[in-house]
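Visitor: Got a minute to walk me through this one? I'd like the layout, the core and the oddities.

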Amino acid sequence: MDHSAQPDGHCRVIRSAVMYEGKQHLQFFAGIAAETVGARNICMHLQTIPPAGSGRAHKHDHHETAIYVIKGAVGARYGEDLEHYLEARQGEFIYIPASTPHMPVNLSDSEPAEVVLARTDPREQESTVLLPDLEHQRLVQAPPAPAD
């Protein structure tokens with residue numbers, strides 16, 4: 001990626017041809033970021049999660065994240081000990097508050113999930129903090145329903 005991009009008052013079109021692997025071990029298509037257009041307060045990328053794939057447990061210090069599911073269904077554990085769980089399907093949004101630990105998973109065993117990510121960190125991977133102590137919470141299917 002071009003780290004020399006600077007805001008200059010010009011609008012840009014980014015063709016997402018550059019793919020990279022993030023700290024979470026998931027594939028990203030570079031989009032809007034400090035590295036591509038000199039963004040100062042936002043990044044926006046496409047992400048593909050392979051069938052039955054999962055990201056690593058992580059958080060984004062001081063940055064909010066918004067996710068839109070383009071294709072498939074995504075589950076996520078979240079919370080200090082990844083004690084909470086949610087699912088979002090095609091056409092739905094997910095909001096992750098700043099500094100909230102989370103771990104995404106593709107709920108399909110046969111199809112990739114595709115999402116659009118937006119974050120208030122223009123350098124996208126810079127605020128990513130891996131949480132290896134929570135990796136035992138890796139999830140491939142929904143947790144059992146809570147007892148009444």
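**Walking through the model**

Guide: Start with His60, which is buried at a relative accessible area of 2%. Buried means under 20% relative accessible area, exposed means over 50%, and partly exposed lies in between, using a 1.4 Å probe and protein chains only. This is a predicted model: local features need pLDDT of at least 70, side-chain atom pairs count only at pLDDT 80 or more, and totals for chains, interfaces and linings use all residues. Numbering runs from 1 along each chain as its sequence is written, and side-chain values use heavy atoms, with hydrogens and water left out.

Visitor: Which element holds His60?

Guide: His60 sits in strand 4. Strands (E, at least two residues) and helices (H or I, at least four) are DSSP runs, numbered from the N terminus. His60 is 37 residues from Pro97 in sequence, with 9.0 Å between their C-alpha atoms.

Visitor: What's the overall secondary structure?

Guide: One helix and eleven strands. The order along the sequence is β-β-α-β-β-β-β-β-β-β-β-β.

Visitor: How much of the chain is buried?

Guide: 41% of the 148 residues. Among contacts (heavy atoms within 4.5 Å) between residues at least 6 apart in sequence, 72% join residues at least 24 apart.

Visitor: Which residues make up the largest nonpolar core?

Guide: Eleven residues: Leu26, Ile49, Ile67, Val69, Val74, Ala88, Ile94, Ile96, Ala113, Val115 and Leu117. Here a nonpolar core is a set of buried Ala, Val, Leu, Ile, Met, Phe, Trp, Tyr and Cys residues joined through side-chain atoms within 4.5 Å.

Visitor: Which strand gives the largest share of this core?

Guide: Strand 10, with three residues. Strand 5 (65-71), strand 8 (93-96) and strand 10 (113-119) each supply at least two.

Visitor: And what does Val115 touch?

Guide: Leaving out residues up to four places away in sequence, Val115 touches His45, Leu46, Gln47, Ile67, Tyr68, Val69, Ile70 and Val74. There is also a second, separate core of five residues, including Ala57, Leu82, Met103 and Leu134.

Visitor: New topic. Along strand 3, which side chains point to the buried face?

Guide: Cys43, His45, Gln47 and Ile49. Met44, Leu46 and Thr48 point to the other face and are not buried. In a regular strand the side chains alternate between the two faces of the sheet.

Visitor: How many bridges join strand 3 to strand 10?

Guide: Seven, and the two strands run antiparallel. Strands count as paired if DSSP finds at least two bridges between them. Gln47 stands opposite Val115.

Visitor: Back to Leu46. Is Leu46 buried or partly exposed?

Guide: Partly exposed, because its relative accessibility is 32%. Leu46 also joins Tyr68, Ile70 and Phe93 in a nonpolar surface patch, with about 360 Å² of accessible area together. Such a patch takes residues with over 30% relative accessible area and no salt bridge; nonpolar side chains (Val, Leu, Ile, Met, Phe, Trp, Tyr) are joined within 5 Å, like charges within 9 Å. Accessible areas come from the Shrake-Rupley method with a 1.4 Å probe, and for residues only the protein chains shown count as cover.

Visitor: Why is strand 6 called largely enclosed?

Guide: Five of its six residues (73-78) are buried, so strand 6 is largely enclosed by the rest of the structure.

Visitor: What does strand 6 pair with?

Guide: Strand 7 (84-89), antiparallel over six bridges, and strand 9 (102-106), antiparallel over five. Val74 is partnered by Ala88 in strand 7. Gly75 is partnered by Val105 in strand 9. The hairpin of strands 6 and 7 has five residues between the strands, and Gly79 there takes a positive phi near 110 degrees.

Visitor: Which residues other than glycine have a positive phi?

Guide: Ala52, near 60 degrees, and Ser99, at about 65 degrees. Most residues other than glycine have a negative phi. Ala52 is in the loop between strand 3 and strand 4, and Ser99 in the loop between strand 8 and strand 9.

Visitor: Last one. How many salt bridges turn up?

Guide: Two in the whole structure. The cut-off is a side-chain nitrogen of Lys or Arg within 4 Å of a carboxyl oxygen of Asp or Glu. Asp61 pairs with Lys59, closest N and O atoms 3.6 Å apart. Glu87 pairs with Arg89 at 3.0 Å. Glu87 is partly exposed at 35% relative accessibility, and Arg89 is partly exposed at 42%.
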